[in-house]
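Here are my notes on the model you sent over. I hope they help as you look through it.

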2 protein chains.
Amino acid sequence: MTKPLEGIRVLDLGHVLAMPTCTMQLADLGAEVIKIERPGSGDDSRYFGPFVHGESAYFMSINRNKKSLTLDLKQEEGKEIFKELVKKSDVVTENFRPNTMEKLGLGYHDLKKINPKIIYASICGFGHYSVDQQRPGYDIIAQASGGIMAITGYPDGPPTRVGSSIGDIFSGSFATIAILAALRYRDITGEGQEIDISMMDSVLSVLENAVVRYTVTGEIPTRIGSRHPSIAPFDLFEAKDGWVVIAVGNDSLWGKFCKIIHQEKLINDPLYQTNDLRSKNYDQLKPLITSWTKQQFSEKMVALLTKEGVPAAEVSTMDKIVRDPNIKMRNMLIQMDHPKAGKVTVANSPIRLSKCPNDTIDASPILGEHTEKVLEGVLEMSQEEIRKLKDKKVV
Amino acid sequence: MTKPLEGIRVLDLGHVLAMPTCTMQLADLGAEVIKIERPGSGDDSRYFGPFVHGESAYFMSINRNKKSLTLDLKQEEGKEIFKELVKKSDVVTENFRPNTMEKLGLGYHDLKKINPKIIYASICGFGHYSVDQQRPGYDIIAQASGGIMAITGYPDGPPTRVGSSIGDIFSGSFATIAILAALRYRDITGEGQEIDISMMDSVLSVLENAVVRYTVTGEIPTRIGSRHPSIAPFDLFEAKDGWVVIAVGNDSLWGKFCKIIHQEKLINDPLYQTNDLRSKNYDQLKPLITSWTKQQFSEKMVALLTKEGVPAAEVSTMDKIVRDPNIKMRNMLIQMDHPKAGKVTVANSPIRLSKCPNDTIDASPILGEHTEKVLEGVLEMSQEEIRKLKDKKVV
């Protein structure tokens, strides 16, 4: 056994990002993920840039290690094939608008009659069990309604969407946790169950101190920029050629830091002597620090601070990250060899299990690449049967 | 069986946020999490505000459903007790600086000799297997080095730290996924293993399209504010009393939207007729939309747009979220009854499993609250033995 989810088969109706993130995580861990796509067009994200030789690198990055089966679920024969696959699978995943699967006659309550052990996981904007069931769930809607936009950004600026789709990615990750937990429950009890992940719930659940700050004190958390709410200096600073973060977490680091920036006189200055004073008088302190940081090149400045034990980091952009020796050592950027696009580099899974290495990935599938293999291999169909299904555009 | 992780025992040396997030997720799913804390002081986050009757609500929010055992791992007797507990546990978790456990003689290679089935999970800034092993891993360091700060914020503004500690929270969630996968591997093979999660890796792995945009096109992703990179209007807008997001995803919604904002003439305007044109001419288009949104109250505006099928949401702050009927229906804000602090409301787990409801939580533990119960119940110690350990401040 080289991967922990070997032997687990997932029928994945996920599209775009939220559920595909979940099934990417499952596939990275060794599950057989059969991505079911509309014949002809497939997942919408196949049309998202950037493209390499006409193939979406966006799609590639979240669909590696999966198989693609085309199947028209609106045709009766498509539904029958899906049900036959459900009998031979462990998990069904989808992120359609709620009731889509029920209307097709393929909701959890239909599928559990066929396979009582099936685990059925869905992600949508506001939950299947919801007063807002039909509200659409784009990432920006979840980031806005779940509360993270209101607390991201600068005090004098507008709310800010997080620069990657964390509403989708957290929902997908929570779906993965739920599916793994449900597999354990199933292995012990023999029973499947339904999983209902809401994107707004997911965002709300990661607001950290913002929730109790309101429920306990009544204070409405808002934007404080990049600084720490109660430690100073612990913030973003401008360099000559970019930006760095510096985290002076205690008085001993404060002493070291003042020496590095040639401001020894600040160490015992009654305005800045303790963390409480530094936090209170931070508006006056910050320009004193910035006048130094602006004269420094970011890479050298971070090396200097780090050598002296003051936590610091460059605000890395992708061009720096690809050259980072630690990222190379940890194999965090990994190449797939795609039959049409050639070699494409994507972010690897961050999960490092000592007995189940993550050192290679299979390319994302061409639309319908595994249709025949799945129909033959899992459902034992003949070439003749498959040809008929193709003629009728069922697959 | 009412919870999927019933019967799993976790010895949790996690502190502050990253690993406590993981063990909160495990405890929410029914694992017995024994939080091991320094006698006398305990987890640093017990001193993070806000406080209720002197107790940290921050600590409460991420340590519900756990037990607290005080144990001094620097004393020989403390180490022995820890090793005895390892024999009777499934998982050990920690987020110390790398080598801390090895120096105590309690690293994975020590513990697996005692219990070859043990799963040992750690989180640190840059990985245990790393060229930067000893670099400290605060959330802001991970957000900066992992690349999310560089792509969060407005084009004319600085990089922006995400308003909650997603470097910690993603790392913790990936540790949960890894542990659940390793439990499955152990159940099948009988073997435990080591898990090594890096906070920088975790952030890099959630950058979404930013990675392939660079690796495929060479373009360095930067900040684009709250707008969508290729759909318009799909952005944040100012209301009379706050902020809303509006997501006009296609031409049919564009027609509806123009009617709502009384700008029918824009529908077929050659500057804005198609999504490509709207994206291209968005700088001119945005003020036309804002001139309408600024005249509207956010709640009414979102209700109007939603009724007409145009996806929209308020940029919710916590005061709005606590009143949200859907959040109430989904029980996403949940009360614990804390022995000292009384009733405190925290964010619930977003995981909804139909057979394992999340409808109650146990309060976070007082420091050492379960010391006697664990020593008696798990290690079958006598009252006399426990009294001696207390005298020597081992527990």
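The points below go from the whole assembly to local backbone details.

1. A word on conventions. This is a predicted model, so local features need pLDDT of at least 70 and side-chain atom pairs count only at pLDDT 80 or more, while totals for chains, interfaces and linings use all residues. Residues are numbered from 1 along each chain as its sequence is written, with chains lettered from A and ligands numbered from 1 in the order in which they are written.

2. Confidence. Chain A has a mean pLDDT (the predictor's confidence in each residue, from 0 to 100) of 97, and 100% of its residues reach 70 or more. The model's ipTM is 0.98 and its pTM is 0.98.

3. Chain A overall. Its C-alpha atoms fill a box of roughly 85 × 50 × 40 Å along the principal axes. There are 17 helices and 13 strands in chain A, taken as DSSP runs numbered from the N terminus (helices H or I, at least four residues; strands E, at least two). Of the 395 residues in chain A, 56% are buried. Here a residue is buried with 20 or more other C-beta atoms within 10 Å of its own, exposed with 12 or fewer, and partly exposed in between, the C-beta atoms being placed from the backbone.

4. How are the two copies related? A turn of 180° with a shift of 0.0 Å along the axis lays chain B on chain A with an RMSD of 0.0 Å, which is the relation of a two-fold axis. The superposition is by least squares on C-alpha atoms of residues with pLDDT of at least 70 in both copies. In chain B, B:Ile177 comes closest to the rotation axis, its C-alpha lying at 2.8 Å.

5. The interface. Each side is listed by contacts (C-beta atoms, placed from the backbone, within 7 Å): 116 residues from chain B and 116 residues from chain A take part. On the side of chain B, helix H7 (residues 166-189) gives the most, with 15 residues. That side divides into 69 nonpolar, 31 polar and 16 charged residues. Nonpolar means Ala, Val, Leu, Ile, Met, Phe, Trp, Tyr, Cys and Pro, charged means Asp, Glu, Lys and Arg, and the others, Gly among them, are polar. Because 100% of the interface residues of chain B are also interface residues in chain A, the copies meet through the same surface.

6. The core. The largest nonpolar core (buried Ala, Val, Leu, Ile, Met, Phe, Trp, Tyr and Cys residues joined through C-beta atoms within 7 Å) has 239 residues, and A:Ala178 and B:Ala178 have the most contacts inside it. Leaving out residues up to four places away in sequence, A:Ala178 touches A:Ala121, A:Ile195, A:Ile197, B:Ile351 and B:Leu353.

7. Two helices to compare. In H1 of chain A (residues 18-28), 11 of the 11 residues are buried, so this helix is largely enclosed by the rest of the structure. In H13 of chain A (residues 298-307), the buried residues are A:Ser298, A:Met301, A:Val302 and A:Leu305. Those residues fall within an arc of 95° seen down the axis, so they line one face of the helix; the arc is that of the directions from the helix axis to the C-beta atoms. The face turned away from them carries exposed A:Lys300 and A:Lys307.

8. Backbone details worth a look. The peptide bond from A:Ala232 to A:Pro233 is cis, with omega near -10°. A:Asn99 has a positive phi near 80°, and this residue lies in the loop between strand E6 (91-94) and helix H4 (100-103) of chain A.

How values were computed. Contact = placed C-beta atoms within 7 Å.
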